[in-house]
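Visitor: Please show me the structure, then take my questions one at a time.

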Amino acid sequence: MNRTTTFLLLVLVTQCLIAAMVFWPRAPANDGGAGIALLPSFDSAAVDTVQLRDALGNKVVLQRSGDQWTIPGETPLPADVQLVDTLLTALSRHQRGWPVAHTEQAHRRFQVDTEYFQRRIDLAGDGQALARLYLGASPSFRRSHVRNATQQNVYSITLDTTSLPLTGGAWVDPRLLQVRVPLRIDADLYSVHYENDRWLAAGGLPANKNEAAALVNALKTLQVGAPATSATADSLALTEADLILSVQSLGGDSTLALYTEGGRHFIKSSEYPWFFVLRQGDYRRLTEVDIDLISGEPRTREQSDSLE
């Protein structure tokens, strides 16, 4: 290697070092070298209203009353508390860190601009605005760029837009119709009640243990989807139910009606005015009860053989 080549290599290294010093991302001068909080002094317990929207104007509003989050409406619809907690936890965890960018050009590139964003998150409490955040492009799996509207810094946090749907139905609590402690279950073809640590059929006959346990478990783990559209609900209101269950429990009495339309299943509770989408698995567990077993009727050998 001659002296000219060595000199050129030194010049190249020097230029690289200078470029790195000039363009390397750095924290704002007033943050003490440790970054600033995305949400300074953030207290998730103070939040009682969350509004999510996209740049096209689609939006959903969630409101808290006590420990319950709801989707506002003529009849407030219980929202999935776990989904809301996931959002607030993701925001509260990022208290301090290095920003990935802080220029206006970067705001548009990462989709956290005031006009160009994937989600705008408005947090309020006691009628006062608490924060506005812009959620943008995803740098990696389950992460998104985010910017506080009062800051220039752009951060990367563990949260993605797929966990922030803009339809109220997607925020419905799937456990809404679960019956935690059923005590009596009446259908057209059978009736069972819980007495002295066992399930008894009409007339005092012991119900088959496994069949009764399967029915009770189906009620305890029941999950619903989004409410049916207005057109579907109007149609279902004129349709005869596939099955009607009258349930008495420690939480009160309710009636569950199951329907099928267009290859999909729905369920309606007497406690709410909506028809909810019902998964096929839950529909089958509630409708395919063995009437003889749940009623405590013994099977003859011929009957048992015919089921094999």
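Guide: What follows is a set of questions and answers on the chain, its pocket, its rings and some single residues.

Visitor: What kind of model is this, and how are residues numbered?
Guide: This is a predicted model, where local features need pLDDT of at least 70, side-chain atom pairs count only at pLDDT 80 or more, and totals for chains, interfaces and linings use all residues. Side-chain values use heavy atoms, with hydrogens and water left out, and residues are numbered along each chain as its sequence is written, from 1.

Visitor: How many helices and strands are there in the chain?
Guide: Helices (H or I, at least four residues) and strands (E, at least two) are DSSP runs, numbered from the N terminus. By that assignment the chain has eight helices and 16 strands.

Visitor: What percentage of the residues of the chain count as buried?
Guide: Buried means under 20% relative accessible area, exposed over 50%, and partly exposed in between, with a 1.4 Å probe and protein chains only. The chain has 308 residues. The share that counts as buried is 40%.

Visitor: What share of the contacts with a separation of 6 or more comes from residues 24 or more positions apart?
Guide: A contact requires heavy atoms within 4.5 Å. Among contacts in the chain with a separation of 6 or more, residues 24 or more positions apart account for 57%.

Visitor: Which strand gives the most to the lining of the largest pocket?
Guide: A pocket is an open set of points on a 1 Å grid over the protein atoms alone, with protein on both sides within 12 Å along at least five of seven lines, and lining residues have an atom within 4 Å of a point. The largest pocket has a volume of about 220 Å³, and of the 16 residues that line it, the closest to its centre are Gln-178, Val-179, Ser-249, Gly-251 and Glu-271. Strands E13 (243-249) and E14 (252-261) each supply at least two residues of the lining. The largest contribution, four residues, is from E14.

Visitor: Where does Glu-271 lie, and is Glu-271 buried or exposed?
Guide: Glu-271 lies in the loop between strand E15 (264-269) and strand E16 (275-278). Its C-alpha is 8.8 Å from that of Leu-177, although the two are 94 residues apart in sequence. With 51% relative accessibility, Glu-271 counts as exposed.

Visitor: Which geometry does the aromatic pair of Phe-117 and Tyr-134 have?
Guide: Rings of Phe, Tyr and Trp (its six-membered ring) pair if their centres lie within 6.5 Å; planes under 30 degrees apart count as stacked, over 60 as edge-to-face and the rest as tilted. The whole structure holds five aromatic pairs. For Phe-117 and Tyr-134 the centres are 5.4 Å apart and the planes meet at 50°, so the pair is tilted.

Visitor: How many residues apart in sequence are the parts that this pair ties together?
Guide: Phe-117 and Tyr-134 are both buried. Phe-117 is in the loop between helix H3 (104-109) and strand E5 (119-125), and Tyr-134 is in strand E6 (residues 128-135), so the parts tied together are apart in sequence by 17 residues.

Visitor: Which residues do ring pairs link into a cluster?
Guide: The cluster is made through ring pairs. Its members are Tyr-272, Trp-274 and Phe-276.

Visitor: What is the phi of Asp-126?
Guide: Most residues other than glycine have a negative phi. Asp-126 lies in the loop between E5 and E6 and is exposed, with a relative accessible area of 70%. Although Asp-126 is not a glycine, its phi is positive, at about 55°.

Visitor: What is the phi of Gln-111, and is Gln-111 buried or exposed?
Guide: Gln-111 is in the loop between H3 and E5. Its phi is positive, about 60°, although Gln-111 is not a glycine. At 18% relative accessibility, Gln-111 is buried.

Visitor: How far apart in space are Tyr-190 and Val-289, C-alpha to C-alpha?
Guide: Tyr-190 is in the loop between strand E9 (182-186) and strand E10 (191-195), and at 7% relative accessibility Tyr-190 counts as buried. Leaving aside neighbours within four places in sequence, its contacts include Leu-215, Leu-245 and Val-289. Tyr-190 and Val-289 are 99 residues apart in sequence, and their C-alpha distance is 9.6 Å.

Visitor: What distance separates the C-alpha atoms of Leu-200 and Gly-296?
Guide: Leu-200 is in strand E11 (residues 198-201) and is buried at 6% relative accessibility. Leu-200 and Gly-296 are 96 residues apart along the chain, and their C-alpha atoms are separated by 7.8 Å.

Conventions
1 Å grid on protein atoms, 1.4 Å probe; cavity = no way out; pocket = protein on both sides within 12 Å on 5 of 7 lines; lining within 4 Å. Points joined across faces, edges and corners; volume = space filled by probe spheres on them.
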